[in-house]
Structure formats: C-alpha cells, structure tokens
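Q: Please take a close look at the backbone of this model, at the places where it departs from what is usual. I am new to this structure, so a connected account would help.

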Amino acid sequence: MEFGYFTLSDNHYENNTRTANQFVADITDEALYADELGMHSAWIGEHHFNSLGVLSCPDLILSYIAGRTRNIRLAPAVTVLPLHHPIRVAEQWATLDLLSNGRVDFAVGRGYDRREYLPFNVSFEDNQSIFEEGLELVRMLWAAEGRISHHGTHYAFDDVRITPKPVQQPIPTYVGSFSKPSIELAARLGCGLIVAPFAAAISFGGLKQVADLYHEACDRHGKTPGRLMCSYFTHFADTKEQENAQRARQIRYYKECVIPALPGDRKTAPPSYRYFVDMVDRLQKVKPEDLTENSVLLGTSTRIVETLKKVEAAGFQEVILYFNVGLKPHAQVRDEMARFMEEVAPAFEGKRKQK
C-alpha cells in the first residue's frame, strides 16, 4: 500500500490569524517535504472564495512542485470539473503530465459547496449531468489522435485537438465518490475510485462495502477495476492530553469548515445530494469520543498501523493522509509526516524508500 500527502486547505475558522497566503505557502512546503520523505504522491484540493479552503489553483501549485521534484506523483483532490470547461482542463493536466514526465494522477468530483458554484454561474442542481459529460470529454480529448467534434447536453464544439498530449496514455484517472452514482460512473469509464472513510461508513457501512460495490459495478460494465484509494485525517497522540487536543481539533474542523460547506437542508439540497443531509445531521451531533477508525487515524504509531492494516485488507492500494487539518501548526505537520514515514509506512510493502 502506498501513502500520499493530502490537503483541502481548510482555513475557515473563527479568530484565525493564519492568512490564506501563508497557508498556501505552508502547503507547498509540506508537499515538497512529502517528496523528500519518500511519500508516493501529493493530492491538493480545489476550493474557491475562502469557503472551506483557500487553495484555488492546485494545477499551479503542483506545477511548481513538479519543477522541484523527480519522484512524487502530482494530483488534484479533486478538480471540481463542472466549474471548468473540459477542453481547458484537458489542456492543463496534459501539460503538467508533460512537464512532470508522466507523474500526474488526475482526480475529479462535483464538489459539494453551492457557494463555489454561484459566482461561476454554473448550475449546482444539474452538476451530476455536467460532471459526467465533462469527464468523458476530458478523457476523449487526451486519447484522440486527430481533431474531434462534440455536440452534447452541456458542451458543444467542432474540430478540436488539444496540445500538448499527455505523456501517459492514459493518465490514471480517479473519481472522488460519496455516492452510488459516482461509483457507477467510475466503473463505467474504467476509472479508479477515491473515498473518504467517514463518508463511506455513513453512506455504505464501511470501506469494504465500497470496494465490493465498485468491483460489482466494474463487472457489470465489463471493465477491469482501477485502483482503490481513500483519504484519512491523521493525528499522532501518545498521551491522553495529546489525544484530547487532536480530537478537539478534528471536531472544530467538522463544525466550522465542513458543515457550512455541505448541502444540509433537505428542502434545498438537490436530489443527487440528499445523502449529505444525513451526513450533516451526524456531524452536528458528533462528540470527541465518536471519532473512530471510520473517520480518523488517531493515536500511537502502533494504533495507526492496526487501522491501516484493515484498510489494506479491504483492497485499498493507496491512502492519502490529511495531516494539516484543523489549524494544526506547520511545524507539527512536518513532524507528524516524518513520524509516519519512519514509524508507520515501513509496516507496509510498496512504499518508496527514503532518500
């Protein structure tokens, strides 16, 4: 099992003195440090308008990282595809694949925050349909030898060929999933799947159930299953005092960042987002003692290894680790990253050796 660095650039906290600019600089440093430590990948989220997060251009940050590294794989987590024209998305990530000599992992999703859709004048209600058409187009543009035309429900163009072409054919592509339609789409298009354990537990019962659903869907569509990945909030704690502080940090993230971003009102949530209503209800009631291995890696190195062994047994091939959640200080994030690679990663095959 491989391990990567992951962030959603959460910075939407009361009385927060950390600026967006400072946090973007910290994230860039952490992603470079991930490469130095021998992590497999860096996954950087896309958020707009200082809603949940503050990093709006993962492609530019990853481009900078590409120029300063040679090994780490580079990925958005995720590109909120309905907010962008698929031609432009195909061009951007093909270019980064070229510049990085084939190190891009491409991941897409619909997002979940209506506040990010409104200024772009994109329909939040119709985004499932926009998303599906856009993803098919991005992959078609990467693969096409010549010029192509398309006349669909949301996009229409004639005689288009993107340049440059990606080095990888195909670029490994993943769908970020909170729901069955996303799992079905990933299977139908032959994409890999990325899930969040806390959402998997609420929506499906757990990671093993997600893996089973995905493999069943791949069988129905006649596709070879891609890689299964999940993300995990990650906190080390060796004492009860440290554990209490880490649990409080995680709860604050849910309360101040996540709940305001999710569609939690049953009256206004589009049908394709109704499952988020139950998720918000649970998060509003969550207590520190409710944070289990279904949502966080929390505790000693031994405890974290035990949880990750279960993830590996469920069929997941990569875990991306969210260290810098909940205003965790940058120095502490770096310390926990190093500790993970020294004390946890060696218990698993597949990790890159430290330089």
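A: Asn 15 is found in the loop that runs between strand 1 (2-7) and helix 1 (20-37). The model is a predicted one, and in it Asn 15 has a positive phi of about 55°, although Asn 15 is not a glycine. Most residues other than glycine have a negative phi, and most peptide bonds are trans. Asn 15 counts as exposed because its relative accessibility is 77%, and the cut-off for exposed is over 50%.

A positive phi is also given for Asn 50, again a residue other than glycine, with a value near 50°. Asn 50 has its place in the loop between strand 2 (41-44) and helix 2 (58-67). Its relative accessibility is 43%, so Asn 50 counts as partly exposed; that class covers what lies between buried, under 20%, and exposed, over 50%.

The peptide bonds come next. Thr 163 and Pro 164 are joined by a cis peptide bond, with omega at about -5°. Pro 164 lies in the loop between strand 7 (156-160) and strand 8 (173-177). Pro 170 also lies in the loop between strand 7 and strand 8, and the peptide bond leading to Pro 170 from Gln 169 is cis, with omega near 5°.

To put these together, the loop between strand 7 and strand 8 holds Pro 164 and Pro 170, whereas Asn 15 lies in the loop between strand 1 and helix 1 and Asn 50 in the loop between strand 2 and helix 2.

Methods:
Residues are numbered from 1 along each chain as its sequence is written. This is a predicted model: local features need pLDDT of at least 70, side-chain atom pairs count only at pLDDT 80 or more; totals for chains, interfaces and linings use all residues. Side-chain values use heavy atoms; hydrogens and water are left out. Helices (H or I, at least four residues) and strands (E, at least two) are DSSP runs, numbered from the N terminus. Buried means under 20% relative accessible area, exposed over 50%, partly exposed in between (1.4 Å probe, protein chains only).
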